[in-house]
Amino acid sequence: MPTSPVELTRTQILAFRRRAGALDERLPPGARSLRQAAWAGLTDSVPRAALLSIHARVEGAHPASWEDPSLVQLWGPRHSVYVVPARDRAVFTLGRLPDAARRRQRAEDMAARMHAYLAGRRLKDNDLQKALGVGNAVKYAAPTGTVLLRWDGARTPTIWTVPRPEIEPQEARSELARRYLHVFGPATPEAFSTWAGVGGGEARATFAALGKALTAVQTPIGHGWILASDEPELREPARPPAAARLLPSGDAYFLHWGAGRELLVPDATQRAELWTSRVWPGAVLLAGEIVGTWRRAQVDLSVQSWRRLTRAERDAVEAEARSLPLPVEGQISVQWSG
């Protein structure tokens, strides 16, 4: 690892993240693009956040895009519901399996109990919790890679078990860290620990194990790491950003904590409006900058802008709103405030 960190500006970092996240230009339709869009997983909070994250990144998204056979749902980082590429299930599950013997055994025991009881069946989450008498502790089994689910948002998820992926947990965690760094970087082990829901010691050990695959950097918010293979792209000139994107609650572009939020939104008052203490609103990404928040109730979409927008900028946001692939009757209308 170099002794002198690479200096990176805010503009370089945000431009790189938008490119890595396919937010400047949508990807063509297809399973390959869905995998790229879900490279670091897609949180699937209400209402259908994963679908809206796909729409922001992939051309031709439709209401059933999140159900594509190339994708699966599971309990991912921080036990949130995630949509991830089916072929990468191990990364988002075994990559979070605890190193501590007691916690790992708890996960393995819960997985074994669920597998024995379900015996190939699919069951509603609350029915399974009641049958096993364990409540929400069924989620402890998620990092074993043997649990999948289907969650429609308003209803309790349906759960079933699958064979364990054939990959070592440490290999899966290293890949999870690489994906995190590619989509969220520059980053620190501490930030990875929070995002992935793994212990601080496990996160630091994972970064150390990556060794020469990492490059030290200095950013406007402090020291961090990037993948060495990403450095050339970070140095590339910024590409023209998309006119507008409506990012849902929990979208990977703004799924940050602590100082990481300051880089995206320098104003403290605006940060408090985007990262609330309860359910986050969506973020309005306009010409590469977050300029406000949005919420939706059926066909009514409300935008709270942080600055005065031009008519062309409002038209771009309204066009994006009308294109959202939501299963609602009628055309989405936008109400403005701010």
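Trainee: How do H7 and H8 lie with respect to each other, roughly parallel or roughly perpendicular?

Mentor: Before we start, this is a predicted model, where local features need pLDDT of at least 70 and side-chain atom pairs count only at pLDDT 80 or more, while totals for chains, interfaces and linings use all residues. Residues are numbered from 1 along each chain as its sequence is written, and side-chain values use heavy atoms, with hydrogens and water left out. Helices (H or I, at least four residues) and strands (E, at least two) are DSSP runs, numbered from the N terminus. Axes are lines fitted to C-alpha atoms, for helices over the stretch in contact, and angles run from 0 to 180 degrees between N-to-C directions. Under 35 degrees is roughly parallel, over 145 roughly antiparallel, 65 to 115 roughly perpendicular and the rest oblique. Here the axes of H7 and H8 (residues 189–196) come within 11 Å and cross at roughly 105 degrees, so H7 and H8 are roughly perpendicular to each other.

Trainee: Which residues of H7 and H8 make the contact?

Mentor: Contact means heavy atoms within 4.5 Å. H7 brings Arg-173, Leu-176, Ala-177, Tyr-180 and Phe-184, and H8 brings Ala-191, Phe-192, Trp-195 and Ala-196. Sorted by class, that is eight nonpolar, no polar and one charged. For the sorting, Ala, Val, Leu, Ile, Met, Phe, Trp, Tyr, Cys and Pro are nonpolar, Asp, Glu, Lys and Arg charged, and the others, Gly among them, polar.

Trainee: Which residues have the most contacts inside the largest nonpolar core?

Mentor: A core is a set of buried Ala, Val, Leu, Ile, Met, Phe, Trp, Tyr and Cys residues joined through side-chain atoms within 4.5 Å. Buried means under 20% relative accessible area, exposed over 50%, partly exposed in between (1.4 Å probe, protein chains only). The largest core has 54 residues, and Phe-192, Trp-195, Phe-254 and Ile-290 have the most contacts inside it. H7 gives the largest share of this core, six residues. A second, separate core has 18 residues, including Ala-111, Leu-123, Val-138 and Ala-141.

Trainee: Is there a way to see burial residue by residue? Say, how does Thr-206 count, buried or exposed?

Mentor: Thr-206 sits in H9 (residues 200–210) and counts as buried because its relative accessibility is 0%. Beyond neighbours within four places in sequence, Thr-206 touches Gln-170, Arg-173, Ser-174 and Ala-177. Now try Arg-106 in H5 (residues 101–118): at 38% relative accessibility, Arg-106 counts as partly exposed.

Trainee: What about a whole helix: how many residues of H1 are buried?

Mentor: Eight of the eleven residues in H1 (residues 10–20) are buried, among them Phe-16 and Arg-17. Their cover includes H7, E8, H10 (231–235), H11 (259–264), E11 and E12 (289–297). Just after H1, Ala-22 takes a positive phi of about 55 degrees.

Trainee: On to sheets. What is the order of strands in the open sheet with E8?

Mentor: Strands of a sheet pair through backbone hydrogen bonds, either parallel or antiparallel. Two strands pair here if DSSP finds at least two bridges between them. This open sheet of three strands runs E1-E8-E9, with mixed pairing. E1 (6–7) and E9 (222–227) are at the edges with a single partner strand each, so one side of each has no neighbour in the sheet. E8 (residues 214–219) pairs with E9 in the antiparallel sense over six bridges, and Thr-219 has Gly-222 in E9 as its bridge partner.

Trainee: And where do the residues of E10 point?

Mentor: In E10 (residues 244–247), Ala-244 and Leu-246 point one way, Arg-245 and Leu-247 the other, and all are buried. E10 pairs with E11 (residues 282–286) in the antiparallel sense over four bridges; Leu-246 has Val-284 as its bridge partner there.
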